[in-house]
Amino acid sequence: MRRLIAIADWLFRLHCGWAERGKRKEKCLLLKHHVLWLKPAPTELNRPGSDMRRVTLFVNGTSSNGKVVAVYGSLEDLLSVASSKLGIRASSVYNGNGGLIDDITLIRDDDVLYVSEGDAFEDPQEDFRGRERGQTHTDWLTLNVGGRCFTTTRSTLVSKEPESMLAHMFREKGGWDNKQDSQGAYLIDRSPDYFEPILNYLRHGQLIINEGINPLGVLEEARFFGIEPLAEQLETLIKSTQPPDDHSPLTRKEFIRFLLATTTKSELRCQGLNFTGADLSRLDLRYINFKMANLRGTNLIHANLSGANLERADLSMACLDGANLQGVKMLCTNAEGASLRGCNFEDPAGIKANLEGANLKGVDMEGSQMTGINLRVATLKNAKLKNCNLRGATLAGTDLENCDLSGCDLQEANLRGSNVKGAIFEEMLTPLHMSQSVR
């Protein structure tokens with residue numbers, strides 16, 4: 001027994017020497033006849049199965065502002081550390097694939113973990129792509145559209161209409177493998193004239209079409225690029241500038257809108273339209289095609305119809321007093337009962353007004369300037385042509401029965417074959433020559 005006590009004392013002193021060298025701490029208790037060795041109480045660092053591991057923690061759904069922490073103890077201990085480090089109330093831990101971790105032993109060294117407050121796992125790549133898009137949306141780029149270059153930003157093409165073809169083409173770099181020219185501009189095989197209003201719409205949200213650009217062309221481009229709100233605006237604009245499909249008469253307001261939507265260089269065709277009773281007074285109607293149009297009872301006072309085509313149009317009972325009719329074409333026009341007082345048919349350029357075969361029964365053309373006018377085989381029965389200038393006019397075969405021609409200038413006018421029965425030739429400026437009339 002004494003020997004055992006001596007051995008225990010020697011071992012105790014030997015152990016204390018090791019402790020001084022920092023190798024290991026142990027406690028030894030010597031009982032009366034027994035030696036009991038007690039290993040150090042297990043700590044958080046040396047518990048069985050709890051070797052220290054190092055992991056990186058991120059808030060769920062993000063890939064920035066991560067924290068590197070040591071993993072020890074239980075899962076609750078890890079959540080407590082995560083709450084402190086990330087500033088959230090951590091309640092769930094996911095791995096990079098979205099798997100929920102419910103056992104601390106499943107965590108490996110250098111794992112990347114995502115901590116949530118109880119919400120479902122969110123892919124951190126979405127956050128990365130969103131930040132990448134936020135950076136690239138302001139990139140400047142150049143588009144080569146049909147040989148014409150436009151410089152804009154990626155955000156302009158993407159933000160306004162995110163579901164359009166342009167947005168899909170330029171949302172991500174290289175997403176559509178867009179072809180580029182030698183200067184780095186992206187090639188788009190479309191019309192530049194029609195593309196410009198679309199790009200401006202994406203810039204400021206307003207539809208603006210320059211003069212000379214056909215809205216139908218812009219509409220087709222809007223449909224091609226899948227910009228439906230713009231296409232709807234264009235359809236409304238086009239519909240408002242077109243005459244109604246029915247045969248109801250056009251109003252002054254509708255016709256003026258029609259005029260404003262058409263450039264002065266474009267031919268405006270109003271062939272066969274219904275203007276019955278419309279007020280078109282004092283409007284600029286030069287060179288408009290009114291062929292076979294219904295202008296019955298229309299107010300055309302002081303309107304400019306120079307060069308207009310009124311062939312076979314119905315002008316009966318219309319009022320054209322003081323209108324400019326230089327070079328007008330009125331072949332076979334029905335103007336019965338119309339008023340054309342003080343009109344000017346004489347074109348300084350020498351283009352003669354043509355009223356051949358027109359029905360001018362009962363018209364009032366008093367004081368009109370009609371030098372060189374062609375009234376061949378026209379009907380002027382009971383018409384009033386007092387004080388008109390008909391010098392050099394062609395009246396061959398014209399029906400002038402009961403027509404009042406008093407005070408007219410008929411010098412060099414051709415009345416061969418005309419019917420002058422009951423016509424009034426009083427106060428003529430120049431006497432008629434026998435050769436001018438054979439009937």
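Q: Of the 439 residues of the protein chain, what percentage counts as buried?
A: First, this is a predicted model: local features need pLDDT of at least 70, side-chain atom pairs count only at pLDDT 80 or more, and totals for chains, interfaces and linings use all residues. Residues are numbered from 1 along each chain as its sequence is written, and side-chain values use heavy atoms, with hydrogens and water left out. A residue is buried at under 20% relative accessible area, exposed at over 50%, and partly exposed in between (1.4 Å probe, protein chains only). Among the 439 residues of the protein chain, the buried part is 38%.

Q: How many helices and how many strands does the protein chain have?
A: Both kinds of element are DSSP runs numbered from the N terminus: helices are H or I with at least four residues, strands are E with at least two. Going by that, the count for the protein chain is nine helices and nine strands.

Q: Of the accessible surface of the protein chain, what percentage belongs to carbon and sulfur atoms?
A: Accessible areas come from the Shrake-Rupley method with a 1.4 Å probe, and for residues only the protein chains shown count as cover. The surface of the protein chain comes to about 24,900 Å². The part of it that belongs to carbon and sulfur atoms is 49%.

Q: In what order do the four strands of the open sheet stand?
A: Strands pair if DSSP finds at least two bridges between them. In this sheet the pairing is mixed. β4 (67–71) and β5 (92–94) stand at the edges with a single partner strand each, so one side of each has no neighbour in the sheet. The order is β4-β3-β6-β5.

Q: Which residue in β6 stands opposite Leu-57?
A: Take a look at strand β3 (residues 53–59), which runs parallel to β6 and is joined to it by four bridges. The partner of Leu-57 in β6 is Leu-113.

Q: What angle does the direction of helix α2 make with that of β4?
A: Axes are lines fitted to C-alpha atoms, for helices over the stretch in contact, and angles run from 0 to 180 degrees between N-to-C directions. Helix α2 (residues 75–86) packs on the sheet and touches β3, β4, β5 and β6. Its direction and that of β4 make an angle of about 160°.

Q: Is Ser-116 buried or exposed?
A: You'll find Ser-116 in strand β6 (residues 112–116). Leaving aside neighbours within four places in sequence, its contacts (heavy atoms within 4.5 Å) include Asn-60, Arg-89 and Tyr-94. Because its relative accessibility is 1%, Ser-116 counts as buried.

Q: Which residue offers its backbone oxygen to the side chain of Ser-116 at 3.2 Å?
A: A polar contact here is a pair of N or O atoms within 3.5 Å; within protein, one must be able to donate a hydrogen and the other to accept it, and residues adjacent in sequence count only if both atoms are side-chain atoms. The side chain of Ser-116 reaches the backbone nitrogen of Gly-118 at 3.2 Å. The backbone oxygen that this side chain reaches at 3.2 Å belongs to Asp-119.

Q: Which residue caps the N-terminal end of α7?
A: Helix α7 has buried residues, including Val-218, Leu-219 and Ala-222, and what covers them includes α6 and α8 (228–241). Just after α7, Gly-226 takes a positive phi of about 70°. At the N-terminal end, a side-chain oxygen lies 2.9 Å from the backbone nitrogen of Leu-216, and the residue that caps the helix this way is Asn-214.

Q: How many residues apart are Arg-148 and Asp-193?
A: Their side chains meet in a salt bridge (3.4 Å, N to O), a term for a side-chain nitrogen of Lys or Arg within 4 Å of a carboxyl oxygen of Asp or Glu. The pair links distant parts of the chain, with Arg-148 in strand β8 (residues 148–153) and Asp-193 in helix α6 (residues 192–204), and the separation is 45 residues.

Q: With which residue does Arg-190 form a salt bridge?
A: Arg-190 is partly exposed, with a relative accessible area of 24%. The closest N and O atoms of the bridge are 2.9 Å apart. Arg-190 lies in the loop between β9 (186–188) and α6 and its partner in helix α7 (residues 215–224), so the pair ties together parts that are 31 residues apart in sequence. That partner is Glu-221.
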